[in-house]
Every structure is written in C-alpha cells, then in structure tokens.
Amino acid sequence: MGCCSGRCTLIFLCIFQLMVALERQVFDFLGYQWAPILANFFHIIIVILGLFGTIQYRPRYIVVYAIWTALWVAWNVFIICFYLEVGGLSKQSDLLTFNISAHHSWWSEHGPGCVRREMPTAGVRSLDSQSYISVMGCLLEYQYIEVLHSAFQILVALLGFVYACYVVSAFTEEEDSFDFIGGFDPFPLYHVNEKPSHLLLKPMYLST
C-alpha cells in the first residue's frame with residue numbers, strides 16, 4: 001500500500017511538473033530567454049522519462065529523474081540569484097539570452113498592473129529609430145515574479161526528489177524479496193534434468 005501511494009503521488013507530481021514547466025516555457029518564449037528555454041526543454045524531457053519509469057516500474061528512469069531534479073533545483077537557485085543580483089550578477093545583463101538580443105523577462109512589461117507606454121525618441125524618425133518604453137504602475141516588480149516562479153519550481157522539484165527516492169527504494173525492496181523466495185532462482189530449471197550418478201552407472205553393470 002505504501003509503494004502504491006508513493007508511486008501514485010510521484011505520478012501526480014510528474015504531471016504537475018509538466019504543466020508548470022509548459023507554463024514557464026510559454027512566458028520564456030515570449031521574453032526570448034534562450035537559456036531558460038533550453039533548460040525547460042530538457043526538464044520536460046526528463047520529467048516525461050520519470051513519469052514513464054514510474055508507470056512502467058523502471059527504477060533506472062526514476063533515478064535519472066531524481067538526479068535531474070537536484071540539478072533543476074541548482075538551476076532555479078541560480079535564476080533567483082540572477083534576478084536578485086546576488087554575487088555580482090545583474091538582471092539587466094543579456095546572460096539569459098546568450099547575448100543574442102537585448103530582451104528581458106516578459107513580466108518586465110506585462111506584469112500585474114503594469115502600464116506600458118512607448119515614447120518615440122526626439123529627432124528625425126526613420127525605420128530604424130527606436131522608441132523608449134516606459135513601464136509604470138506595476139503591482140509587483142518582474143524580478144520578484146521570476147523569483148516566485150523559481151521558488152515554486154524548487155518546492156515541487158524537492159517533493160519529486162523525495163518521492164522518487166522513496167519509490168526507487170520500494171521497488172528495490174520488492175525485487176529483493178521476490179528474488180529471496182525464488183522468483184528469479186534459475187537452479188530449479190537444471191534440477192529437473194539432473195539424474196543421480198548411480199542411475200547413470202546402473203545400465204553399464206547390467207550389460208556386463
């Protein structure tokens with residue numbers, strides 16, 4: 001019963017992680033955040049692998065999922081440090097876009113309560129002229145929204161790691177107990193065809 005409940009909980013956590021990862025992937029695409037996009041892509045693949053391993057009783061897949069959740073926690077800790085500008089990091093840098101573009105988080109202009117105003121620069125306007133974008137009235141700054149996203153990802157990943165370790169240990173105990181009672185014992189197959197040595201020698205004495 002314990003294994004079944006832990007396995008069902010892990011299946012639910014994997015499905016929930018997929019939903020949360022897809023939601024985050026959408027907003028990272030809107031903000032052209034290429035590094036998070038790649039991280040989310042690998043995260044979705046590994047979570048699907050862990051879900052398959054949980055359903056099909058494949059402990060090795062669950063172990064891979066557990067290892068990835070630890071790496072996923074580390075990645076989200078880095079994202080939190082990036083937006084809180086810890087350790088010399090700057091949220092205004094183009095690190096998450098691989099310096100390909102100057103885009104920032106989608107929430108920086110579309111957060112709750114934000115009013116976006118586009119103001120053309122002074123001088124002659126041309127096709128290549130840029131406009132100054134002013135964002136005002138945000139109820140919550142975009143960096144805190146990203147931090148909350150990452151903190152929630154860490155919480156779910158830690159739960160997934162704990163239940164993954166529990167399910168793997170439960171599967172291992174079941175396999176060991178099944179092997180102990182002879183479920184995987186190959187020797188009975190050979191005992192059927194074995195004959196005592198005195199029976200093999202008996203026809204020789206009769207022939208003489």
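**Buried threonines, a helix and a salt bridge**

Biologist: T97 is found in the loop between α3 (59-83) and α4 (107-110). Is T97 buried or exposed?

Modeller: The model is a predicted one. Buried means under 20% relative accessible area. T97 has a relative accessible area of 1%, so T97 falls under that cut-off and counts as buried.

Biologist: Which residues does T97 touch, not counting residues up to four places away in sequence?

Modeller: T97 lies in a loop, and its relative accessible area is 1%. With residues up to four places away in sequence left out, the residues that T97 touches are Y32, Q33, W34 and H103.

Biologist: The side chain of T97 has a polar atom beside a backbone oxygen; which residue carries that oxygen?

Modeller: The distance between the polar side-chain atom of T97 and the backbone oxygen is 3.0 Å. A polar contact requires N or O atoms within 3.5 Å. The residue carrying the oxygen is D94.

Biologist: At what distance does the side chain of T69 reach the backbone oxygen of A66?

Modeller: T69 is placed in helix α3 and is buried, with a relative accessible area of 1%. Leaving out residues up to four places away in sequence, T69 touches A157 and F161. The side chain of T69 reaches the backbone oxygen of A66 at 2.5 Å.

Biologist: Which residues does V168 contact, leaving aside its neighbours within four places in sequence?

Modeller: V168 is found in helix α5 and counts as buried at 17% relative accessibility. The C-alpha atoms of V168 and P59 are separated by 5.5 Å, although these residues are 109 residues apart along the chain. Beyond its sequence neighbours, V168 is in contact with P59, I62 and V63.

Biologist: Y163 also has its place in helix α5 (residues 142-180). About how much accessible area does the nonpolar surface patch containing Y163 have?

Modeller: Y163 is partly exposed, with a relative accessible area of 30%. The patch on the surface is formed by F152, L155, L159, F161, V162, Y163 and Y166. Together these residues have an accessible area of about 610 Å².

Biologist: Over residues 62-86, how far apart are the end C-alpha atoms?

Modeller: The UniProt annotation "transmembrane region", from an unreviewed entry, covers residues 34-55, 62-86 and 151-171. Over residues 34-55 the chain is 100% helix and 0% strand, with end C-alpha atoms 32 Å apart. Over residues 62-86 the chain is 88% helix and 0% strand, and the separation of the end C-alpha atoms is 33 Å.

Biologist: Which side chains meet in a salt bridge?

Modeller: Side chains of opposite charge can pair when their charged atoms come close. A search of the whole structure finds 1 salt bridge, with an N to O distance of 3.3 Å. One partner is buried, at a relative accessible area of 17%, and the other counts as partly exposed, at 37%. The buried partner is K91, and the partly exposed partner is E85.

Biologist: What share of the contacts with a separation of 6 or more joins residues 24 or more positions apart?

Modeller: The chain has 7 helices and 2 strands, and its elements run α-α-α-α-β-β-α-α-α from the N terminus on. Of its 208 residues, 33% are buried. Among contacts with a separation of 6 or more, residues 24 or more positions apart account for 66%.

Notes: Residues numbered from 1 in each chain as written. Predicted model: local features only at pLDDT ≥ 70, side-chain atom pairs only at ≥ 80, totals over all residues. Heavy atoms only, no water. Patch = residues over 30% accessible without salt bridge, like charges linked within 9 Å, V, L, I, M, F, W, Y side chains within 5 Å. Areas by Shrake-Rupley, 256 points an atom, 1.4 Å probe, with all protein chains shown as cover. Salt bridge = Lys/Arg side-chain N within 4 Å of Asp/Glu carboxyl O. Helix = DSSP H or I, 4+ residues; strand = E, 2+ residues; numbered from the N terminus. Buried < 20%, exposed > 50% of the residue type's maximum accessible area, 1.4 Å probe, protein only. UniProt positions renumbered as here; feature names shortened; annotations may be inferred. Polar contact = N/O pair within 3.5 Å; in protein donor to acceptor, adjacent residues only side chain to side chain. Contact = heavy atoms within 4.5 Å.
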